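Open your viewer and switch to the cartoon view. We will go from stop to stop, selecting a few residues each time.

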Amino acid sequence: MRVLQVTGSSAGGVGRHAREISALLAAGERPLGALPDPGESPDTVVLAGPADVVEPLAGEPFRGADRVRTAVVDIADRPRPRDAVAVARLRDLASGADVVHAHGLRAGALTVMALATLRRRPRLVVTLHNLPVGGPRVKAVAAVLERIVARGADVVLGVSGDIVVRMRRRGARTVDRALVPAPVRRPTGADPSEVRTSLGLADGEQLVLTVARLAPQKGLDLLLDAAALVDGPGESGRPGRHAAASPGWRWVVAGDGPLRAELAKRVRAEDLPVLLVGRRDDVPDLLGAADVVVSTATWEGQPIAVQEALRGGAAVVATDVGGTREVTGDAAVLVPGGDAAALADAVRAVLADPARQQELRERATARAEQLPGPADVLAQLRQVYRA
C-alpha cells in the first residue's frame, strides 16, 4: 500500500505522532506472535509537511524511520497566498497514493482541496488533534475548515470524544477516536532522593511535578494560582499562603515554550514555590521522584504527559478537560478546569495522605496496562485504510 502522511506546522506532538506512525507503517510492525497476511509487505510511506516537522524524522528512534521518504510542503497554521502552492504540491504527491492521511485541521482542509481534481482519488483519512483556539474570527474560519474536512474525508479521527461528537455534527461520514500513545521513555534508574536533591529540594520537602510545554493550552496561569493556595487551609475560607512562608513542598515545572519569561516574572514577583527547570531529558526519573504529578491544561486530547505519568506509576491530579478522563479513567484525581481552589485542595489532600498517594500509584500502574501502544495504532490504521 502506498501511503502519504501529511502534517502541518506543529510546535506540539502532532508532528511527532505523524513521524511515528509513518515509521510504524514503513516498518510493518505487528503484535508479537502475529503472522503476516499472504503477500503482505511493509507499506511505502511518504511524509509531507514543513521542513521543521518532517526533517526531525531522521533523528527519531523509531524502527522504520529510515524507510520513510519525506517531502517538504509548506503548510502554515494560518491562511496565506502560498496555500495554492501547497495544494498543488499535495496533489502531485497524492496522485500515486492509495491512502492519504492528513494530521490537523489546516492540513486536512488543504488535502481535501488537493484531492478534489484528481482523476483517481485515494482514500482520505484526517486526524484532528486539537479544538479550535482563538477569537470569534479564528473560530469562524475553523468552522468552515471543519465542514470542508467533514465532507471531503472518508474517515475523520478525533483524539478525544468531544472532537468526535463535534465532527459528527459537522456532517462527517465516518468518525472514530484516534489512538495517540505516548512515546516509551524509560527511567535511568537514578535514585529518587538524588533527583530531588538535584532539583534543589531539601530533605523531607515534597515534590509536585508538572511536565508541559509552556504554552496557553497547558493552563500555567492556573498552576501559579493554585501554587499560591496549596499551603492554605483549604475550605476554611481563609486566604492561602504559599510554601515560601511554610517550607514543605516545591512545584517543579519541566518544559519550555513561549510563556517561560512571563511565568518566571510572575513566580519572582509573587515569591511562589515554583521552579521552572526547562526542557528535560530525564522525565521518567522526575516522575519516579514526584509525590504528585499535576496537569493543569485548559484542554487536552490524549495528553502525552499524563500517559507518561500513569506509565511511571505516579499519583496524578489533573483538570477534567477534553479527553483527559478518557486517558486516566479512575486512576487520577480530576478537578474542574479553571478552578484554582479545587486544584489546590486536591494537590494538598494528596500530599497530606501517603495512603492515598499509594492507592493512586497502584491505580496508575493498572491503568497504564490498558493504554494503547504502537501495535494498537498500527492495527487501527490498517483497518481504517482498508475499510
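**Stop 1: the sheet.** Start with the strands. This is a predicted model, and in it seven strands form an open sheet with parallel pairing. Follow the order across: E3-E2-E1-E4-E5-E6-E7. Which strands stand at the edges? Select 69-72 for strand E3 and 175-177 for strand E7. Each has a single partner strand, so one side of each is left without a neighbour in the sheet. Now look along the sheet: from one strand to the next, the twist averages 20 degrees.

**Stop 2: one edge up close.** Select residues 155-158, strand E6. Three bridges join E6 to E7, and the two run parallel. Pick Val156 next. What is its bridge partner in E7? The partner is Val175.

**Stop 3: helices on the sheet.** Select residues 83-94. This is helix H3, which packs on the sheet. H3 touches E3 as well as strands E1 (2-7), E2 (44-49) and E4 (99-103). The direction of H3 makes about 160 degrees with that of E1. Then select residues 105-115, helix H4. H4 lies across E1, E4 and strand E5 (123-128). Against E4, helix H4 runs at about 150 degrees.

**Stop 4: a salt bridge.** The whole structure has 26 salt bridges. For one of them, show the side chains of Arg19 and Glu60. Their closest N and O atoms are 2.9 Å apart. Arg19 sits in helix H1 (residues 14-27), while Glu60 is in the loop between helix H2 (51-54) and E3, so the pair ties together parts that are 41 residues apart in sequence.

**Stop 5: H1 meets H15.** Keep H1 and add residues 374-386, helix H15. The two axes come within 10 Å and cross at roughly 75 degrees. H1 and H15 are therefore roughly perpendicular to each other. Show Glu20, Ile21, Leu24 and Leu25 on the H1 side. On the H15 side, show Pro374, Val377, Leu378, Leu381, Arg382 and Tyr385. Colour this contact by class: eight residues are nonpolar, none polar and two charged.

**Stop 6: H8 meets H9.** Select 220-227 for helix H8 and 260-270 for helix H9. Their axes come within 11 Å and cross at roughly 15 degrees. That makes H8 roughly parallel to H9. The crossing is right-handed. H8 contributes Leu220, Asp221, Leu224 and Asp225 to the contact. H9 brings Glu262, Leu263, Arg266 and Val267. How many residues here are nonpolar, and how many charged? The contact has four nonpolar and four charged residues, with no polar ones.

How values were computed:
Residues numbered from 1 in each chain as written. Predicted model: local features only at pLDDT ≥ 70, side-chain atom pairs only at ≥ 80, totals over all residues. Heavy atoms only, no water. Axes fitted to C-alpha atoms, helices over the stretch in contact; angles between N-to-C directions. Helix = DSSP H or I, 4+ residues; strand = E, 2+ residues; numbered from the N terminus. Parallel < 35°, antiparallel > 145°, perpendicular 65-115°, else oblique. Left-handed = near helix turned anticlockwise from the far one by under 90°. Contact = heavy atoms within 4.5 Å. Nonpolar A, V, L, I, M, F, W, Y, C, P; charged D, E, K, R; others polar. Pairing = 2+ DSSP bridges. Salt bridge = Lys/Arg side-chain N within 4 Å of Asp/Glu carboxyl O.
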